[in-house]
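The following note collects some points for a colleague who is reading this structure at the bench. The points concern strand pairing and burial.

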Amino acid sequence: MPRSQRAVLVVVIGLAVLAAGWVLSARMRVERGNKTVAVAVDYNLLVELAAMSGTDTVEALKQMKAAGATHVLVREQSVGDLIDERKVQICEGEDFAILVPLPSVRKRVLDQLRARLPGGVPYTGPSADLKLDMSDYRTLPPGPGIVYDNLRTLDLLRPMGVGYREKAVEDAGAAGLEIVARPIAEMALTKQAISASLDGMAAAGSSIAVFSGLEVYGVHDLVKYAGEEMKKRGVQFGYVEMAKQFGDDKLAAAMDYGIIRCHAVAQAEMVKVPPARAVERFVKAVRERDVRLCYLRPYDRAAGSTRLLY
C-alpha cells in the first residue's frame, strides 16, 4: 500500500476511534448522572407466591415495600393471555373471526386493537349477515367487538399486547409502589401501534419500560421514531444488561443513551443461587456497573415466604 494511502487510512481509523470515544463518553456521562437505585419486584411471581402462602397480594406487596422495594414490574397482557383467562371470546365463521372482550377489559382491548391492527370491522352483535351456526349465536355476547375477515389474523392477535391488567395497577397503587411496565414490542410494528403501546403504559401510570420478550420497539425500521416518542413522553428505557434484546443498542442510541441500566437474575438461575450470593450480585451491579434498576424475582416460593432477601 502506498504511503499516501496508509496515511489516509490512519487518519480515517483515528477519526473513527475518536468518534467512538466521544459516543462512549457521552453515554457514560448520561448514565452516571442518575444515582437513584430502584428495586422492583415481579408482580406475576409475587401473586403466585402470595397465593401459595395464603397472603393477600396487596399485603405481600406492602411487605416487599417495607423490605426495600420501590417498584413493581407489570407485564403487558396479550390477547392470548385474555383468551386463556376467558376475558376475550373468539368465534370463527367460514372466513372470518369475531373477537368480543368482556366488559371488565372491553375498552382497553378494543382501543388497543383498533390502533395496532386497524383492519377490523366493528361488531355489535349476531347478525344474519354473519355465516354462523345458531349454536354460535347463543355463545356470543351482544358486543361490542371486532370482526376480522381473515382467520390467519388470529395468529397475529394472540401475541399482541393490549395494555396492562387493571388489578395489577390497583394493587401497586394500594401498596404505594410505582410501576415498571413490561411492554410487548413484537407486534408493535407501526408508528400507530408504538404510540398505542405507550398510551397503555401511560394509562397504567408507568414511565419506565423494561421490554418483555426478545425485542424492543421499532426493531425493523422505527427505532428512531420509538426513541423520539419515548423521550417526548418522558418514558425511560430499562436496558437489561447481559440479556440481549433485538434493537436495544439502537434504541438506546436513539434516546441519546438516557437509559436506566437494569440487572436481573433469570428465574431458572434464581432457584440455584443462594440468597447471599444473589444480594452480592445486585450490590456489585449497582456499585461497579452503574445499575439503577434491580429486577427482583421473589425467593422461597415453595416455602411460602415473601421476604425480599435484598
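1. A residue is called buried when its relative accessible area is under 20%. The coordinates come from a predicted model, and the points below should be read accordingly.

2. In strand E11, which spans residues 293-296, the side chains point in two directions: Leu293 and Tyr295 face one way, Cys294 and Leu296 the other, and all are buried. In a regular strand, side chains alternate between the two faces of the sheet.

3. Which strands pair with E11 in the parallel sense? Strand E1 (residues 38-42) does so over 4 bridges, and Val41 stands opposite Leu296 of E11. Strand E10 (residues 259-264) also pairs with E11 in the parallel sense, over 3 bridges; here His263 is placed opposite Cys294.

4. His71 belongs to strand E2, residues 71-75. Is His71 buried or exposed? Its relative accessible area is 9%, so His71 counts as buried. Leaving aside residues up to four places away in sequence, His71 touches Ala38, Val39, Ala40 and Val41, as well as Leu177, Glu178, Ile179, Val180 and Ile208. Val41 is thus named twice in this note: as a contact of His71 and as the residue opposite Leu296.

5. Phe96 is located in the loop between strand E3 (88-92) and strand E4 (97-101). Because its relative accessible area is 8%, Phe96 is classed as buried, although Phe96 lies in a loop. Between Phe96 and Thr153 the C-alpha to C-alpha distance is 8.8 Å, with a separation of 57 residues in sequence.

How values were computed
Residues are numbered from 1 along each chain as its sequence is written. This is a predicted model: local features need pLDDT of at least 70, side-chain atom pairs count only at pLDDT 80 or more; totals for chains, interfaces and linings use all residues. Side-chain values use heavy atoms; hydrogens and water are left out. Buried means under 20% relative accessible area, exposed over 50%, partly exposed in between (1.4 Å probe, protein chains only). Two strands pair if DSSP finds at least two bridges between them. Contact means heavy atoms within 4.5 Å.
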